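Colleague: I am new to this structure. Please take me through a single part of it, slowly enough to follow on screen.

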Amino acid sequence: MPMTSFIAADFDIPMGLNEPDFTVRPLTIHDAVKDYDAVMSTRMRLAGLFGPADAWPTADLSLEQNLIDLAWHQKEFQIRRSFAYTVMRPDESQCLGCVYVEPSPKRGYDAQLFFWVRNSEHETGLEARLDSALRRWLTDAWAFKRVARPGRDIDWLEWQALADV
């Protein structure tokens, strides 16, 4: 997919957003330990996040493998191919989840969005607050016309049945 079809070369990528109870900022290798804790404590709920057959994260995911994954996300961000963000407490003491903004593989959508919050925050309503903030952010800070939220706003079977780009 040509890069210009996802993000224009002159578009300033949003560096995140600040809310009273969380901050969204680019995910980097420096987040590996906190991210790993959040991922592994939420592992069972994360299965299928990126599609029904997706097994990430596996029970044997190591901190080293997580670091490699974060390095890949960081590089993808640098080359403007996809954008992974961490969701942190405002004081940076704990990773609360992640947000992924990626090119859409389906016609009719500019991008696709995935996000999750750690188990310990799921019952606090953080997921709904993050969802609301992300909807505003995608409208106000990004240049997308239509963003898909597979598994949330569109059922996986319906999503998979759509024509590819």
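In what sense do strand S2 and S3 pair, and over how many bridges? Please stay with S3 and its surroundings.

Modeller: Keep in mind that this is a predicted model. Strand S2 covers residues 22-26, and S2 and S3 pair in the antiparallel sense over 4 bridges. One pair to find is Arg25 and Thr86, its bridge partner in S3.

Now look at S3 itself. S3 spans residues 83-88, and 6 of its 6 residues are buried, so the rest of the structure largely encloses this strand. Buried here means under 20% relative accessible area. Next, sort the side chains by direction. In a regular strand, side chains alternate between the two faces of the sheet. Phe83, Tyr85 and Val87 point one way from S3. Ala84, Thr86 and Met88 point the other way. Both sets are buried.

S3 has another partner. Strand S4, residues 95-103, pairs with S3 in the antiparallel sense over 6 bridges. Find Tyr85 in S3, and you will see Val99 of S4 opposite. S3 and S4 form a hairpin, with 6 residues between them.

Pause at that turn. Glu92 sits in the loop between S3 and S4. Its phi is positive, about 65°, although Glu92 is not a glycine. Most residues other than glycine have a negative phi. Glu92 is partly exposed, at 27% relative accessible area.

Go to the other end of S3. Arg80 lies in the loop between H3 and S3. Arg80 also has a positive phi, near 65°, and is not a glycine. With a relative accessibility of 21%, Arg80 counts as partly exposed.

Last, follow the nonpolar contacts. The largest nonpolar core has 26 residues. Phe83 and Tyr85 of S3 are among those with the most contacts inside this core, and so are Phe22, Val99, Val101, Leu130 and Trp142. The elements that give two or more residues to this core are S2, S3, S4, strand S5 (111-117) and helix H5 (126-140). H5 gives the most, with 6 residues. Another core, of 21 residues, lies apart from this one. Its members include Met88, Cys98, Tyr100 and Phe114.

Put the pieces together on screen. S3 pairs with S2 over 4 bridges and with S4 over 6 bridges. Tyr85 points one way from S3 and Met88 the other way. Tyr85 belongs to the largest core, while Met88 belongs to the core that lies apart from it.

Key:
Residues numbered from 1 in each chain as written. Predicted model: local features only at pLDDT ≥ 70, side-chain atom pairs only at ≥ 80, totals over all residues. Heavy atoms only, no water. Buried < 20%, exposed > 50% of the residue type's maximum accessible area, 1.4 Å probe, protein only. Pairing = 2+ DSSP bridges. Core = buried A, V, L, I, M, F, W, Y, C linked by side-chain atoms within 4.5 Å.
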